[in-house]
Protein chains: 2
Amino acid sequence: MADKVRRKAPEKRRLRLIEATLTAFDSHGLAATSVARVAALARVSAGNVHHYFGGKDGLLEAAMLHLMGELHAASLDLLASAKGPLDRLDAFVEANFADAIFTRAICRAWLHFWAEAPHAPELARLERLNRQRNRSNLTAALRQLMPLEAARDLAEEIAATVDGYWAQRAQATSTVTPAKARLLLKAQIRRGILAAGGTLPSTR
Amino acid sequence: MADKVRRKAPEKRRLRLIEATLTAFDSHGLAATSVARVAALARVSAGNVHHYFGGKDGLLEAAMLHLMGELHAASLDLLASAKGPLDRLDAFVEANFADAIFTRAICRAWLHFWAEAPHAPELARLERLNRQRNRSNLTAALRQLMPLEAARDLAEEIAATVDGYWAQRAQATSTVTPAKARLLLKAQIRRGILAAGGTLPSTR
DNA sequence: CGATATTGCTTGATCGTGCAATTTAGAATG
DNA sequence: CATTCTAAATTGCACGATCAAGCAATATCG
């Protein structure tokens, strides 16, 4: 897809446009998010979008990539200090439901990406990457506490529940808070481990 | 919002347009679903949409209502033969993941509705209704097996997991099958009941 | 001064919507 | 039963707005 002329694009502008995209998603939805609106939100000319991102598609991809980057960074941070498998699972939960991550606006953006991914190859690629990364992290940790098959099943269940809380958080009347989601999810994980015959390494 | 002149609108046409909408969602996404495209899919003039639904918004609302109706019908069917609380929970799972309901196309449509609901009051109303109905069904059954607070928490968890499987199913590379989702979810429910100190009425 | 960043406008296509005209179907009439 | 009539059903088009995109001109800054 190629940057032809772009040499050293000021990251500031790019970021402003990406943030404007997410703001537009939050307040007006995907269908009403036009290049013109995003550019106006970022106080930038519409033509700029094509300079930086090559078009609307590129802008959406960059926005999704941005969200993935933030989530990944939070995961790496928290995983760094994790000692055992259960710690790694807790770190996963805390990253996915950190107060700065599990936001109404961000959850709405993810929902839009999930909805559009099946119809945009590049978004689909990113979604697949993100999903496989999550699945792999979960399975790797669970595997040390139970047989592989059980680990895979529980990873599937946990991943689905995470997505579900995200989807619910996007709704205006949602009552799911970050703290509540963390609490429920950690309990769910522990139940899953115990039921699989695993032992909880320590009470935390 | 009033049918002024419409007396007995042929349900056949309405249904054709609704199904065309869902087909368009499945194959092209929300952003690319225009009135013209839907009308063409249904082999009907575009102006027809305004006769039957009063506009694009009305069409989307009717499509969402249609999906809710199908889900509700499946639930009622299965709940009718449920004997105890665990039976009711299993019926809930089987309705939400019936082979005819847990379809890639239908899950994609739900995903689009969830994504757009925050920006369309009428869709938001329907989404809220549907969510509260599900929550209420789950809590009512769980309440007979554990204290109210625990029942509410578990209902929240189950509802989120259901939504999560739906979101995953919408992706092109998803491997979640109806049977697998039913299996995993029933196990998750039983784990939740046992952990809350409840007893499983019978093995099934 | 020269290259890069940024703008503002144009273009052609497509959108949702409203409306006048036409077709259709069923009740009323002979 | 055949014919007429009328209102509902349906069409096709035209309208104004808005879209993504491309490009030539201008501004900015090292």
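In this predicted model, helix α6 of chain A meets its namesake in chain B through A:Leu111, A:His112, A:Trp114 and A:Ala115 on one side, and B:Leu111, B:His112, B:Trp114 and B:Ala115 on the other. Sorted by class, the contact of α6(A) with α6(B) has six nonpolar residues, two polar ones and no charged ones. As for geometry, the two axes come within 9 Å and cross at roughly 150 degrees. Since angles over 145 degrees count as roughly antiparallel, α6(A) and α6(B) are therefore roughly antiparallel to each other. The crossing of α6(A) past α6(B) is left-handed.

Stepping back to the whole chain-chain contact, 37 residues of chain B touch 37 residues of chain A. On the chain B side, the elements that supply two or more residues are α6 (104-116), α7 (121-142), α8 (148-169) and α9 (178-195). Of these, α8(B) gives the largest share, with 11 residues. The make-up of this side of chain B is 17 nonpolar, 11 polar and nine charged residues.

Within chain A, another helix pair is worth a look. Helix α7 (residues 121-143) and helix α8 (residues 148-169) of chain A pack with their axes 8 Å apart, at an angle of about 135 degrees. That angle falls outside the ranges for parallel, antiparallel and perpendicular pairs, so α7(A) and α8(A) are oblique to each other. Here α7(A) passes α8(A) in a right-handed crossing. From α7(A), the contact draws on A:Asn134, A:Arg135, A:Leu138, A:Thr139, A:Leu142 and A:Arg143. From α8(A), the partners are A:Leu148, A:Ala151, A:Arg152, A:Leu154, A:Ala155, A:Ile158 and A:Ala159. By class, this contact of α7(A) with α8(A) comes to eight nonpolar, two polar and three charged residues.

Turning to the nucleic acid, 22 residues lie around DNA strand C, and those that come nearest are A:Ser45, A:Gly47, B:Ser34, B:Gly47 and B:Gly55. Both chains have elements that give two or more residues to this surface: α3 (47-53) in chain A, along with α2 (35-41), α3 (47-53) and α4 (56-80) in chain B. The residues of the surface near DNA strand C split into seven nonpolar, eight polar and seven charged.

One backbone detail turns up in both chains. A:Arg43 is not a glycine, yet its phi is positive, at about 55 degrees. This arginine of chain A sits in the loop between α2 (35-41) and α3. With 8 C-beta neighbours inside 10 Å, A:Arg43 counts as exposed, because the cut-off for that class is 12 or fewer. In chain B, B:Arg43 also has a positive phi of about 55 degrees without being a glycine, and its place is the loop between α2 and α3 of that chain. B:Arg43 likewise counts as exposed, having 8 C-beta neighbours inside 10 Å. As for where A:Arg43 stands relative to A:Pro85, the two are 42 residues apart in sequence, while their C-alpha atoms are 47 Å apart in space.

Technical notes
Residues are numbered from 1 along each chain as its sequence is written. Chains are lettered from A and ligands numbered from 1 in the order in which they are written. This is a predicted model: local features need pLDDT of at least 70, side-chain atom pairs count only at pLDDT 80 or more; totals for chains, interfaces and linings use all residues. A residue is near a molecule or strand if its C-beta atom, placed from the backbone, lies within 6 Å of it. Helices (H or I, at least four residues) and strands (E, at least two) are DSSP runs, numbered from the N terminus. Ala, Val, Leu, Ile, Met, Phe, Trp, Tyr, Cys and Pro count as nonpolar, Asp, Glu, Lys and Arg as charged, and the others, Gly among them, as polar. Two residues are in contact if their C-beta atoms, placed from the backbone, lie within 7 Å. Axes are lines fitted to C-alpha atoms, for helices over the stretch in contact, and angles run from 0 to 180 degrees between N-to-C directions. Angles under 35 degrees count as roughly parallel, over 145 as roughly antiparallel, 65 to 115 as roughly perpendicular and the rest as oblique. A crossing is left-handed if the near helix is turned anticlockwise from the far one by less than a right angle, and right-handed if clockwise. A residue is buried if 20 or more other C-beta atoms lie within 10 Å of its own, exposed if 12 or fewer, and partly exposed in between; C-beta atoms are placed from the backbone.
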